[in-house]
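Thanks for coming. I'll go through one structure today, a helix and then a sheet. Have a look at it while I talk.

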Amino acid sequence: MDLKRTTLRDMFSHSNSGNRRNMFFKSAQDNIELWDRQKDDYSSEPLLPSTPTHRTFDYVLVAHKVEDDSDQRAQRQRAFIQQLQKKNMTVTEIAHDDKVFFGIRAPLETFQDYQYLLKVSDSCNWCGDVKGAVNQATRIRIVNFILHHTFINTGGECEETFEELLKKDVFETMFCLHERKKQKHLQEKWLDGPGLFVGQPVSEVKSYFGEKVALYYLWLGWYTKLLVPAAALGVVVFLYGLAFFNTNPLIKEVCNSSVIMCPRCDKRCTVWQLSDTCTYAKVSHLFDNEGTVAFAMFMAIWATLFLELWKRHRAGHVCQWKVYDWCEEEEELILDIVNDPNCKPKQFRHSYLRSTLVLIMVTLIMSLIIGLAHALVVFRVVAAPLLSEGSWEFIRDHANTVAVMLGAVLHYVTIQLMTRVNRWVSLKLCEIEKLNSFAATERSFTVKMFTFQFFTLFSSLFYVAFFLGRINGHPGDYVRIAGWRLEECHPSGCLTDLFIQMAIIMLLKQTLNNIVEFTGPWLTSCLSRNTVKKLQRKCGHCYRKACRDEQGRVEPCDICKLRDWLRNYHLANTDAFSLFNEFLEMVVQFSFTTIFVAAFPLAPLLALINNIFEIRLDAIKMVRLERRLVPRKTNDIGVWTKVLEAIGVLAVIANGLVIGVSSDFIPRLVYRYRYGSCASGSTQTHCMQGYINDTLSMAFVSHLAVAKDFLPLQMVTVDGVNVTQCSYRDYRSNEDYTLTSKFWLVLAVRFAFVILFEHVVVVCKFIAAWFVPNNPIHVKNDRLHDKLSRLKEELRDKKRKSKSTDV
């Protein structure tokens with residue numbers, strides 16, 4: 001407390017104006033009394049060790065040194081610094097080599113005004129920042145807002161913002177400083193500890209990086225922990241398919257079959273033996289069995305429980321942090337007033353012209369994304385026949401599978417390219433909309449960017465899941481694109497193609513993204529160490545005690561300041577997208593884990609393994625390798641909650657369609673109880689004996705249309721035998737190639753299953769959401785007690801002021 005008194009009196013002694021000195025002294029005395037009354041409040045934040053005597057800088061600006069004072073860049077630099085000084089900010093300028101560093105400190109009045117406005121606001125007055133000392137994270141957030149809302153006049157009515165000055169190379173960059181003691185504390189407690197297995201220090205993360213970053217790690221840790229039961233059950237389903245790997249009658253029927261199948265492509269492909277695809281049939285059974293249905297239902301309900309339990313988990317922490325009712329839009333209004341007391345509110349706007357333009361742009365980009373999905377389909381259609389005539393025997397024998405894998409790799413490359421396009425388009429659309437607050441703009445950008453990314457990632461998967469092998473036609477009437485036949489499904493089903501596509505994209509996206517995201521900042525940090533070490537050698541005669549004044553406050557010399565600034569300057573840059581990118585990556589992973597999990601039961605396991613490393617790598621990046629993120633205060637993960645809820649609903653629909661339409665679960669079920677040996681009461685053979693042959697139809701070369709599709713050379717087997725008929729997967733008559741009654745029965749059961757599955761799962765989701773309330777009882781009680789205590793305190797303050805007035 002004495003240190004705070006000393007700080008105020010010291011600041012008073014540096015005031016020049018007599019009137020200002022009197023006003024400041026009165027404000028200082030009032031604050032000393034306030035701190036005396038609220039000295040117990042400092043113990044309410046036992047998060048990170050503080051250094052109240054260390055006079056740190058709130059922000060640092062960097063610019064290229066310009067020797068010519070008449071240069072436009074030099075004039076703009078001076079004009080911007082003068083605007084900051086008009087707002088009573090202290091600016092310390094230090095030149096180093098070809099750069100100039102500007103250290104920015106905001107005055108005490110700025111933070112006093114902020115605290116007062118918080119106290120009288122409608123939604124932000126429950127925050128712990130309304131009284132007591134303003135921590136460094138809050139200082140950074142306020143100064144960051146002021147810097148981005150400081151303008152310079154360039155003649156006429158034109159004003160330039162800091163972002164425009166950055167684009168014109170007036171300033172090179174800006175950053176806030178890491179606090180060495182708190183940074184070291186986080187490293188010891190978070191990075192060097194057991195981490196995930198004992199819980200993350202989210203309160204310390206909140207104190208240093210702000211609530212927004214803390215909620216990201218809180219959400220990611222919660223998501224990772226709840227992936228454990230999902231991953232365990234997915235492994236059980238996989239092992240279930242593996243247990244009957246060699247005894248399943250369907251696999252035996254394929255491996256022992258003598259059926260001759262029709263050529264897979266035009267001209268180059270010949271007839272082939274069904275038994276040649278024995279390995280493919282075994283892999284198909286691993287991911288297309290009875291356990292898949294139960295697992296898909298479990299994952300749909302799991303997604304709901306995850307969200308509901310997350311809301312409870314979040315409520316407890318935001319209540320503890322006193323930001324339960326926090327409103328980002330209202331804080332932005334408060335910061336506007338702190339920056340400029342004469343500011344005008346940003347009006348809400350709506351324009352049908354702008355909305356129409358946004359709608360047209362969204363339609364165009366969606367058309368482009370869907371067009372790329374069609375291009376991938378054409379690539380696979382063309383690649384399969386070309387690979388089938390290659391020089392390598394293995395590729396010839398597995399041409400379709402190799403084409404699927406190459407298509408998946410090409411899809412990944414497309415994702416990387418379109419991510420940059422999607423971001424640029426989303427930013428432009430937000431500029432067109434001209435929303436009235438940063439929070440609203442962030443929500444709009446998030447929805448647009450995720451929508452574009454979702455279609456980029458899943459458009460090809462939707463084709464594989466629901467269209468592959470169903471629109472390709474039949475011998476004598478094949479569907480073609482630019483003269484090339486569309487792909488067919490394997491007789492064992494199409495689910496394996498979907499599994500291959502998902503597995504490759506998930507592995508490439510997660511592995512390569514983590515490598516790139518971590519390697520870039522790490523290399524930047526390694527390359528910058530030499531520069532900082534050279535400066536440390538220059539500072540060999542500057543000791544820590546020499547950087548203290550007579551009151552004991554730390555005020556580093558210029559070399560010590562510069563050393564600290566350079567240490568932060570050479571770290572990897574961060575911006576408003578840094579945390580958004582992490583959220584987007586994890587939400588996309590959540591989509592892969594839930595939407596097509598029926599085709600890939602091991603997706604939760606891959607996600608779990610990735611997230612265990614993701615938490616640690618992200619923490620190392622933020623604490624050690626990157627510049628400090630601007631702390632943002634919030635009480636939720638924002639619009640991402642709505643996105644996750646939409647994914648949960650889509651997962652029910654997609655998994656129901658995958659099982660009902662893509663999987664062979666329904667045809668096998670119909671055969672078992674309607675056409676199989678058990679349906680007639682026979683117990684001599686297995687119930688599924690003969691199923692593969694039942695799903696095949698015959699094509700005869702004697703039919704004129706079939707003869708046009710297959711050349712005589714294509715109807716010759718590997719052994720040199722000419723065949724006059726071949727089989728293909730479909731329920732069609734062998735005479736006129738019309739659809740049989742089996743097809744319509746299977747189709748009816750498919751639709752019935754999809755409707756039943758979705759209704760049952762949706763009801764279960766509603767029950768789960770109702771059963772798990774969003775707010776724990778202890779949170780409601782804590783908020784009730786806190787509101788009561790605050791009201792009592794306000795009443796006591798009122799009575800105390802009344803007594804002092806009477807005296």
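A residue counts as buried here when its relative accessible area is under 20%. Keep in mind that this is a predicted model.

Now, which residues of helix 13 are buried? They are Glu-328, Glu-330, Glu-331, Glu-332, Ile-334, Leu-335, Asp-336, Val-338 and Asn-339. That is nine of the twelve residues, so helix 13 is largely enclosed by the rest of the structure.

What do these buried residues pack against? Their partners are helix 4 (108–120), helix 5 (136–148), helix 9 (211–243) and helix 17 (438–466).

A check on the length of helix 13, residues 328–339: at 1.5 Å a residue, its twelve residues should span 16 Å. The end C-alpha atoms are 16 Å apart, which agrees.

Next, the sheet. It is open, with four strands in the order 2-3-1-6, and the pairing is antiparallel. Which strands are at the edges? Strand 2 (90–96) and strand 6 (173–175), each pairing on one side only. On average, neighbouring strands in this sheet are turned by 20° against each other, direction ignored.

Take one pair from it. Strand 1, residues 59–64, runs antiparallel to strand 6, and three bridges join them. Leu-61 has Met-174 in strand 6 as its bridge partner.

Two helices lie across this sheet's strands. Helix 3 (residues 72–86) lies across strand 1, strand 2 and strand 3 (99–105), at about 165° to strand 1. Helix 19 (residues 558–569) lies across strand 1, strand 2, strand 3 and strand 6, and runs at about 80° to strand 2.

That's it from me.

How values were computed. Residues numbered from 1 in each chain as written. Predicted model: local features only at pLDDT ≥ 70, side-chain atom pairs only at ≥ 80, totals over all residues. Heavy atoms only, no water. Pairing = 2+ DSSP bridges. Axes fitted to C-alpha atoms, helices over the stretch in contact; angles between N-to-C directions. Contact = heavy atoms within 4.5 Å. Expected span 1.5 Å × (residues − 1). Buried < 20%, exposed > 50% of the residue type's maximum accessible area, 1.4 Å probe, protein only.
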